[in-house]
Amino acid sequence: MTPAKRRALLLRANRDLGAALVDANLVKVAKLAVATERLLELAATGPARQATLLGVLAYEVKAMSEEDALLYLTEEQGAGLVDLRECDVAEEMKAALDLDACWATWSLPFDREEGFTYIATAHGMSEAVRSHWEKQYDGPILWFGATLDGIADALEKIAAARTTAKPAEKTPA
């Protein structure tokens with residue numbers, strides 16, 4: 001994914017998340033505006049781990065809690081919950097992952113069984129997030145809420161494994 005496409009997906013996913021949070025009465029419009037401004041700064045200059053509207057709202061602006069968003073996702077949208085620290089991402093999923101898309105949507109496809117794709121997300125309230133991943137996989141998706149830290153740690157672990165797994169260049173015999 002190009003940086004421009006990643007940024008566009010990140011902004012669309014977070015814009016939809018913000019609207020969903022306001023619609024669910026989890027955050028006020030004024031706090032969302034402050035958090036959105038900060039998100040734009042982070043998207044331009046910060047590391048991927050910080051570019052999340054939910055994180056800004058919960059940990060910088062303190063307008064809501066991350067747990068409230070997860071609770072809404074499970075109770076109102078029927079998602080399960082998954083602790084990615086206790087879950088091994090399937091090897092075939094790791095190999096095919098677009099990490100830029102995962103960071104932009106704060107989502108991690110972590111398994112596939114009997115035609116179902118399992119996706120953990122912190123931004124599951126965002127229609128743009130759901131739409132993006134539905135286009136990537138054939139068949140139904142089972143959504144699971146996960147914490148920002150859980151997703152970030154899993155993505156960083158996968159990225160580190162990819163870096164160390166790069167084949168060494170062959171030396172002439």
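**View A. Helix 1 meets helix 7 in this predicted model.** The axes of helix 1 and helix 7 (residues 127-136) come within 6 Å and cross at roughly 130 degrees. Helix 1 and helix 7 therefore count as oblique to each other. On the helix 1 side, look for Leu9, Arg12, Ala13 and Asp16, which meet Glu127, Ala128, Val129 and His132 of helix 7. Sorted by character, the residues of this contact are 4 nonpolar, 1 polar and 3 charged.

**View B. Helix 1 also comes up against helix 3.** Here the axes of helix 1 (residues 3-23) and helix 3 (residues 53-60) come within 9 Å, with a crossing angle of roughly 50 degrees. This pair, too, is therefore oblique. Helix 1 brings Asn14, Leu17, Gly18 and Leu21 to the contact, while helix 3 offers Leu53, Leu54 and Leu57. The contact of helix 1 with helix 3 comprises 5 nonpolar and 2 polar residues, and no charged ones.

**View C. Leu26 sits in the loop between helix 1 and helix 2 (29-45).** Setting aside neighbours within four places in sequence, you will find Leu26 in contact with Leu21, Ala63, Met64, Asp68, Ala69, Tyr72 and Met125. Leu21 also belongs to the contact of helix 1 with helix 3. For a sense of distance, the C-alpha atoms of Leu26 and Ser65 are 8.8 Å apart, although 39 residues separate the two along the chain.

**View D. Four strands make up an open, mixed sheet.** Reading across the sheet, the strand order is 1-4-3-2. Strand 1 (80-81) and strand 2 (107-113) are the edge strands; each has a single partner, so one side of each lacks a neighbour in the sheet. Strand 3 (residues 116-121) and strand 4 (residues 141-145) run parallel, paired over 5 bridges. To find your bearings in this pairing, start at Thr117, whose bridge partner in strand 4 is Ile141.

**View E. Helix 8 (residues 148-165) packs on the sheet.** Helix 8 touches strand 2 and strand 3, and its direction makes about 75 degrees with that of strand 2. At 1.5 Å a residue, the 18 residues of helix 8 should span 26 Å, which agrees with the 26 Å between its end C-alpha atoms. The buried residues of helix 8 are Leu148, Gly150, Ile151, Ala152, Ala154, Leu155 and Ile158. Their cover includes strand 2 and strand 3, along with helix 3, helix 4 (66-77), helix 5 (91-96) and helix 6 (99-105).

Definitions and conventions. Residues numbered from 1 in each chain as written. Predicted model: local features only at pLDDT ≥ 70, side-chain atom pairs only at ≥ 80, totals over all residues. Heavy atoms only, no water. Axes fitted to C-alpha atoms, helices over the stretch in contact; angles between N-to-C directions. Helix = DSSP H or I, 4+ residues; strand = E, 2+ residues; numbered from the N terminus. Parallel < 35°, antiparallel > 145°, perpendicular 65-115°, else oblique. Contact = heavy atoms within 4.5 Å. Nonpolar A, V, L, I, M, F, W, Y, C, P; charged D, E, K, R; others polar. Pairing = 2+ DSSP bridges. Expected span 1.5 Å × (residues − 1). Buried < 20%, exposed > 50% of the residue type's maximum accessible area, 1.4 Å probe, protein only.
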